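The questions below ask how each label is justified. Every answer sets a value against a definition and draws the conclusion.

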Amino acid sequence: KEKVEITKEQQALMKVIADAYNRHQIPQDVAKKLLQDQYSAEENFLLLTEMATSQVQVLVEFTKNIPGFLSLNHEDQIALLKGSAVEAMFLRSAQVFSKKMPNGHNEVLEDRIRRSGISEEFMTPMFNFYKSIGVLHMVQEEQALLTAITILTPDRPYVKDQQAVERLQEPMLDLLRKLCVLQHPQKPQYFACLLGRLTELRTLNYYHAEMLTSWRMNDHKFTPLLCEIWDVE
Ligand SMILES: O=C(NC1CCCCC1)[C@H]([C@@H]1CCCCO1)n1c(-c2ccc(Cl)cc2)nc2cc(F)c(Cl)cc21
């Protein structure tokens, strides 16, 4: 039985990533707001665009704390952020969705989201992903590392120096693998399962622009930042 242990520098890396991730806690109040009131499709869309805009901003702050990120080629930094922002947003939404709430609240939240204005055809892939994240019961450190690994995906469009990105992603993958073995000793496939979720996340990438433009309302307005990050308008 291989003895897995976290090295000193891996402990330091974990602390940096976990602290940065905790600082980047997106306002949990999106769930609270949705539980408080039923909103119109227009109000829900506005809530989404506001939340997503602020999430991009905090994601940039989180990314700047990833060791080595700021030493990457500047165009590649932008390409990585642009390439991962939507996935990070769905990953964050899944984590918020999976939070255990007082009984009945999770069902109400799901119902509010189902009736928020999203077209029917996107419900299944989106909620399948949310539920597949939920059943993993990820700890904060795993969520933080998975977000960093998503950002440091070498084969994003327009990334020039892919090797440099791989060199940053590898230590994160190695650390996550060890963490999974230590946190979930009874689930040897847990690490592979986590990485499988990243593949599922990419499929949501393809849907997201249409999810937004098909929101049940007229005249979809986006913030300039979202126009940059999402393939809309
Ligand atoms: O605001 C959202 N997510 C933010 C984004 C930044 C990070 C924090 C969470 C949206 C909501 C959906 C209802 C209408 C208002 O927007 N949302 C989405 C979602 C995101 C993209 C698309 Cl295109 C469709 C739905 N899934 C969610 C799951 C959840 F549990 C909760 Cl609380 C909200 C969620």
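Q: Why is Cys227 called partly exposed?
A: Its relative accessible area is 24%. Buried means under 20%, exposed means over 50%, and partly exposed is what lies in between, with a 1.4 Å probe and protein chains only. Cys227, at 24%, falls in between, so the label is partly exposed.

Q: What kind of model do these values come from?
A: This is a predicted model, in which local features need pLDDT of at least 70 and side-chain atom pairs count only at pLDDT 80 or more, while totals for chains, interfaces and linings use all residues. Residues are numbered from 1 along each chain as its sequence is written, and side-chain values use heavy atoms, with hydrogens and water left out.

Q: How many disulfides does the structure hold, and how do you know that Cys193 is not in one?
A: The structure holds zero disulfides. A disulfide is a pair of cysteine sulfur atoms within 2.5 Å. The closest cysteine sulfur to that of Cys193 belongs to Cys180 and is 9.5 Å away, which is too far for a bond. Cys193 is also partly exposed, at 30% relative accessibility.

Q: What makes the contact between Lys64 and Glu61 a salt bridge?
A: A salt bridge is a side-chain nitrogen of Lys or Arg within 4 Å of a carboxyl oxygen of Asp or Glu. The closest N and O atoms of Lys64 and Glu61 are 3.3 Å apart, so the pair meets the cut-off. The two residues are three places apart in helix H3 (residues 41-64), about one helical turn. Helices are DSSP runs (H or I, at least four residues) and strands are E runs of at least two, numbered from the N terminus. Lys64 is partly exposed at 40%, and Glu61 is partly exposed at 41%.

Q: How do you know that Glu110 and Arg114 are joined, and are they buried or exposed?
A: Their closest N and O atoms are 2.9 Å apart, which is within the salt-bridge limit. They sit four residues apart in helix H5 (residues 105-114), about one helical turn. An α-helix has 3.6 residues a turn, so residues three or four places apart point the same way. Glu110 is buried at 15%, whereas Arg114 is partly exposed at 33%. Glu110 and Arg114 are also linked with Lys131 in a network of salt bridges.

Q: Why do Asp219 and Lys221 count as exposed, and what joins them?
A: Asp219 has 52% relative accessibility and Lys221 has 58%; both values are over the limit for exposed, so both earn the label. Their side chains meet in a salt bridge, at 2.5 Å from N to O. The structure holds eleven salt bridges.

Q: What makes the buried residues of helix H2 (residues 29-36) one face?
A: Val30, Ala31 and Leu34 are the buried residues in H2. Seen down the axis of H2, they fall within an arc of 100°, so they line one face; the arc is that of the directions from the helix axis to the C-beta atoms. The face turned away from the buried side carries the exposed residues Lys32 and Gln36. H3, H4 and H5 are among what covers the buried residues of H2.

Q: Why is Met51 called buried, and where is it?
A: Met51 is in helix H3. Its relative accessibility is 16%, under the limit for buried, so the label applies. The C-alpha atoms of Met51 and Val30 are 7.4 Å apart, although the residues are 21 places apart along the chain.

Q: Why is the aromatic pair of Phe97 and Tyr130 called tilted?
A: A search of the whole structure finds eight aromatic pairs. Rings of Phe, Tyr and Trp (its six-membered ring) pair if their centres lie within 6.5 Å; planes under 30 degrees apart count as stacked, over 60 as edge-to-face, and the rest as tilted. Phe97 and Tyr130 are 5.4 Å centre to centre with 40° between the planes, so the pair is tilted. Phe97 is in helix H4 and Tyr130 in helix H6 (residues 123-134), 33 residues apart. Both residues are buried.

Note on methods
Contact means heavy atoms within 4.5 Å.
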